[in-house]
Amino acid sequence: MNIIQKPCAEVNYSKGRSGYKIQALVIHIVQGTVAGTDSWFATPRPDKPTSAHYIVSKTGEIHQYVMDEDEAYHAGIIDHPTCASWITKQNPNLVSIGIENEGFLGEKWTEAQMVSLCILVDNICTHYNILQDTEHIISHSAITS
């Protein structure tokens, strides 16, 4: 799998995970394009830092902004989760990898996008020994109302 490294402004993420282990994946829809996301994450946002580890494009191309071992700011604070139980009451960014998907809410994903997302998720779960279930691979809306 070819993953293209893209810059992320240093203020938009934190080095390391404060001793926490990667335990889950949070899947997002970016509400925009890959080009827009590349630009957004590369721009310093000290008042509202935002980032993710990856994005999967409609063509199946994958960009990585933040290294897995670092904390991306993608999931916010847990608020009225719909998961039966979740990993921690701590900041979910510390224990998860954030994967954005190009597109908009309600829009159909392409086959290439779905295939790349599945391969990426499987590789990450295998590498970090993460269970592939609905408590460990979740949508952003499952933890933030």
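A search of the whole structure, which is a predicted model, finds two salt bridges. Side chains of opposite charge can pair when their charged atoms come close. The two pairs are set out below.

| Acidic residue | Basic residue | Closest N and O atoms | Separation in sequence |
|---|---|---|---|
| D38 | K6 | 3.9 Å | 32 residues |
| E107 | K58 | 2.7 Å | 49 residues |

In the pair of D38 and K6, the closest N and O atoms are 3.9 Å apart. This pair links distant parts of the chain, with D38 in helix α1 (residues 34–42) and K6 in the loop between β1 and β2 (13–14). D38 has a relative accessibility of 17% and therefore counts as buried, the cut-off for that class being under 20%. K6, with a relative accessible area of 29%, is partly exposed.

The salt bridge between E107 and K58 has its closest N and O atoms 2.7 Å apart. It also links distant parts of the chain: E107 is in the loop between β7 and α2, and K58 is in the loop between β4 and β5. E107 is partly exposed at 34% relative accessibility. K58 is partly exposed too, with a relative accessible area of 26%.

**The chain as a whole**

The protein chain contains two helices and eight strands. Along the sequence they follow the pattern β-β-β-α-β-β-β-β-α-β. The chain has 145 residues, and 44% of them are buried. Its accessible surface is about 7,500 Å², and carbon and sulfur atoms account for 56% of that area. Among contacts with a separation of 6 or more, 74% are between residues 24 or more positions apart.

One pair of residues set far apart in the sequence is H28 and I138. They are 110 residues apart in sequence, while their C-alpha atoms are 8.9 Å apart in space. H28 lies in strand β3 and, at 6% relative accessibility, counts as buried.

**Helix α2**

Helix α2 covers residues 111–128. It has 18 residues and reaches 26 Å from its first C-alpha to its last, close to the 26 Å expected at 1.5 Å a residue. The buried residues of α2 are Q113, S116, L117, L120, V121, I124 and C125. Seen down the axis of the helix, these buried residues fall within an arc of 160 degrees, so they line one face of α2. An α-helix has 3.6 residues a turn, so residues three or four places apart point the same way.

What do the buried residues of α2 pack against? Their partners are the strands β1 (3–5), β3 (24–29), β4 (54–56), β5 (62–64), β7 (96–101) and β8 (137–139). H28 belongs to one of these strands, β3. On the face of α2 turned away from the buried side are the exposed residues E111 and T126. After α2 comes N129, which has a positive phi near 55 degrees.

**A nonpolar surface patch**

Helix α2 also contains V115. Together with M1 and I119, V115 makes a nonpolar surface patch of about 270 Å². V115 has 43% relative accessibility and so counts as partly exposed.

Note on methods: Residues numbered from 1 in each chain as written. Predicted model: local features only at pLDDT ≥ 70, side-chain atom pairs only at ≥ 80, totals over all residues. Heavy atoms only, no water. Patch = residues over 30% accessible without salt bridge, like charges linked within 9 Å, V, L, I, M, F, W, Y side chains within 5 Å. Areas by Shrake-Rupley, 256 points an atom, 1.4 Å probe, with all protein chains shown as cover. Salt bridge = Lys/Arg side-chain N within 4 Å of Asp/Glu carboxyl O. Helix = DSSP H or I, 4+ residues; strand = E, 2+ residues; numbered from the N terminus. Buried < 20%, exposed > 50% of the residue type's maximum accessible area, 1.4 Å probe, protein only. Contact = heavy atoms within 4.5 Å. Expected span 1.5 Å × (residues − 1). Arc of directions from axis to C-beta.
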